[in-house]
Amino acid sequence: MMIPCMIGLPVLFAILIPLVPKREIRNVLVYIGAGAVMITTAVFMIDWIRRGMLLTMFFMDTEAVDHLMMAGDIFLMALILFLSAKYRKLLPAILSVVQTGLLIYVELTTDLKRGPHMMLDGLSFLMCAIVAIVGGLICIYTVGYMKGYHEHHKEVKDRRPFFFSMLFLFLAAMFGLVLSHNLIWMYFFWEITSVISFLLIGYTKTDEAIRNSFGALWMNLLGGLGFAVAIAWMAKGMGTVQMSDVVSSGALLPLFCLVLAGLTKSAQFPFSSWLLGAMVAPTPSSALLHSATMVKAGVYLLIRLAPALHGNIVGIMVSSIGGLTFVMASLMAIAQNDGKKVLAFSTISNLGLIVSCAGIGVEQTVWGAVFLTIFHSVSKSMLFQAVGATENTLGSRDIEDMHGLILRVPKLAYIMGIGIAGMYLAPFGMLISKWVALKAFADSGNFLLVLCIAYGSATTMFYWTKWLTKLLTQHVAREEVKDVTKKDEYLSMIVHAGIMLVLCILLPLVANRIVNPIVRHLFGMSHAVLTTGTLLTMAVMLISVLIVPFTMFFLGRASEKSVVPIYMNGINQGDNRFFVDSFGEDKHLYLSNWYLRFEFGMRRLMVPSVVLSAAVLIVCFCMVIGGSYR
């Protein structure tokens, strides 16, 4: 009963919230819903741990659920057809009709082997925890954020009940997706996440939002078509639609089609543009759908398929596209000064590293991929929230406008700093994962990926360091800024920051109790990738690193810092903004980061990245088709 409860509870709140007219009661209902989702998931997880964390299969022996899901598929198709006709978009309509029609045909004409519908193992356990904790906190954050958002964007129609409803419905779909073992069931929840993403990207209903939402829809529907073809191939050819049968069968065509779905959902090149366009949506949707959880559905699928990817053409394709995405997205992030765009490119880049690890398909790389998934989900969710709160406070999300944020809005600066440190500094988990991935790539003899991770990590350091130093640098007199961040937002961000620090301090426990069991469930065995001594050393390093900034924060020393006059090639006029040069002329001094837009801008790198990754995809598809019909 726990699985139906986990899926049904957020659906219940998704239905109830729009029915409540009074805003204050609705906000309380969001808190109750988020808390209920987290508590229900915690109870479910504790019960599973108590039973020994054994691989558990669940049989849902009822035709009613299958018929209900088929009706749901038809409803989603009808909704897409209606909106496509309304906005005169042809491609999403065609893709939706083809894949839904194919799936219905398979269900009505194929006698499938009986098998489990749901499965709980280490990987689904982890994903449920991420969805419940990160997703629940983002729902709480949204209560405060959307109030400030509509105060600053009065031109946008206030549709908060719809927004909250979609967030909770998305949580339900993610629970269903990561717990499904039957591919038809997984496809149903997969498509729900695609449609919800489409609806939230178009929240403001501006021309740009509508255009970007349909771009996201058709790319995710293309992945959905691949998913449907994989189901049809397995059903007609092998009489089964179980995930484990896809992994064990060695059939490359259904594997390729499922991989295509994973690549589109995780926004890998050549499908990255949908996630970049999604940044027009309000920040909570960016944090929940396009960074912390929805894109993780794509990497979840690829990690699930990882044992089948080792040593074949599909695995080579996945690792190559992931490595290319990691490098090229990191380079393009350097040229961005918009905080949300930096986070978007960083998300695409880090997902690329996770994808390349899954493509290699060995224990060590999957270990790194799981670690990356954990730390990226928490860090990136926290950073998106911090940028959203900063935008409401400063009226801008330009990194240049965050100059000296440590003195102007210290709470936001500390939270943002922890998130940035978690993404690239030692001894935080992301750097550990990259170290493990680098060693695994070298051990596998894939020196192309070694180069990708080396250069990608170097460029990652470049853009994160620029941002972090901007927060910590103050060369002019402090300007008074009123922090308009709501308590709901701070509650979510502070808990995120606490989770990040706890994860790092408890690295040995995370590795032994969470990551190792996942690898064991996927491969049947697991070996220690990093020794307990190494992990303990890193945890001690983290505690040492945090002593100084936390001491400064709690003692209030940051607010007492004074601005020191600097030498500016002339006579400082006293405010570090103007000086008199040697000719007696007044000069204005300003500090700005170097963005290398000509070298690494989207106009220069996006087209080559898309063309090269598309070529890899097409060539590998032709090889798979040739091998399947040989």
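## A walk through the chain, starting at a small sheet

Start by selecting residues 578-580, which form strand S4, together with strand S3: the two pair in the antiparallel sense over 2 bridges. Keep in mind as you look around that this is a predicted model.

Now pick out one of those pairings. Show Ile571 and Val580 as sticks: Val580, in S4, is the bridge partner of Ile571. Strands of a sheet pair through backbone hydrogen bonds, either parallel or antiparallel.

Next, add residues 586-588, strand S5. You now have an open sheet of 3 strands, in the order S3-S4-S5, with antiparallel pairing. Which are the edge strands? They are S3, at 571-572, and S5, and each of them pairs on one side only.

Time to zoom out and show the whole chain as a cartoon. Overall, there are 25 helices and 5 strands. Along the principal axes, the C-alpha atoms fill a box of roughly 90 × 60 × 50 Å. For 630 residues, a compact globule would have a radius of gyration near 25 Å, and the chain's 24 Å agrees with that. Of the contacts with a separation of 6 or more, 82% are between residues 24 or more positions apart.

Switch on the surface. The accessible area of the chain is about 24,700 Å², and carbon and sulfur atoms account for 67% of it. Buried residues, meanwhile, make up 60% of the 630. If you colour by charge, you'll pick up 45 positive and 34 negative side chains, with the centres of the two sets 1 Å apart.

Let's visit two of the buried spots. First, select residues 243-249: this is helix H9, and Met243 belongs to it. Is Met243 buried or exposed? Its relative accessibility is 2%, so Met243 counts as buried. Leaving aside residues up to four places away in sequence, Met243 touches His181, Leu183, Met186, Leu301, Arg304 and Leu305. Try a distance label on the last of these: Met243 and Leu305 are 62 residues apart along the chain, and their C-alpha atoms are separated by 8.4 Å.

For the final stop, select residues 313-334, helix H14, and find Ser319 in it. Ser319 counts as buried because its relative accessibility is 3%. What does Ser319 touch, not counting residues up to four places away in sequence? Show Ser356, Gly359, Ile360, Asn446 and Leu449 as sticks, and you have its contacts.

Key:
Residues numbered from 1 in each chain as written. Predicted model: local features only at pLDDT ≥ 70, side-chain atom pairs only at ≥ 80, totals over all residues. Heavy atoms only, no water. Helix = DSSP H or I, 4+ residues; strand = E, 2+ residues; numbered from the N terminus. Buried < 20%, exposed > 50% of the residue type's maximum accessible area, 1.4 Å probe, protein only. Contact = heavy atoms within 4.5 Å. Rg over C-alpha atoms; globule rule 2.2 N^0.38 Å. Areas by Shrake-Rupley, 256 points an atom, 1.4 Å probe, with all protein chains shown as cover. Lys, Arg positive; Asp, Glu negative; His and termini not counted. Charge placed at Lys NZ, Arg CZ, Asp CG, Glu CD. Pairing = 2+ DSSP bridges.
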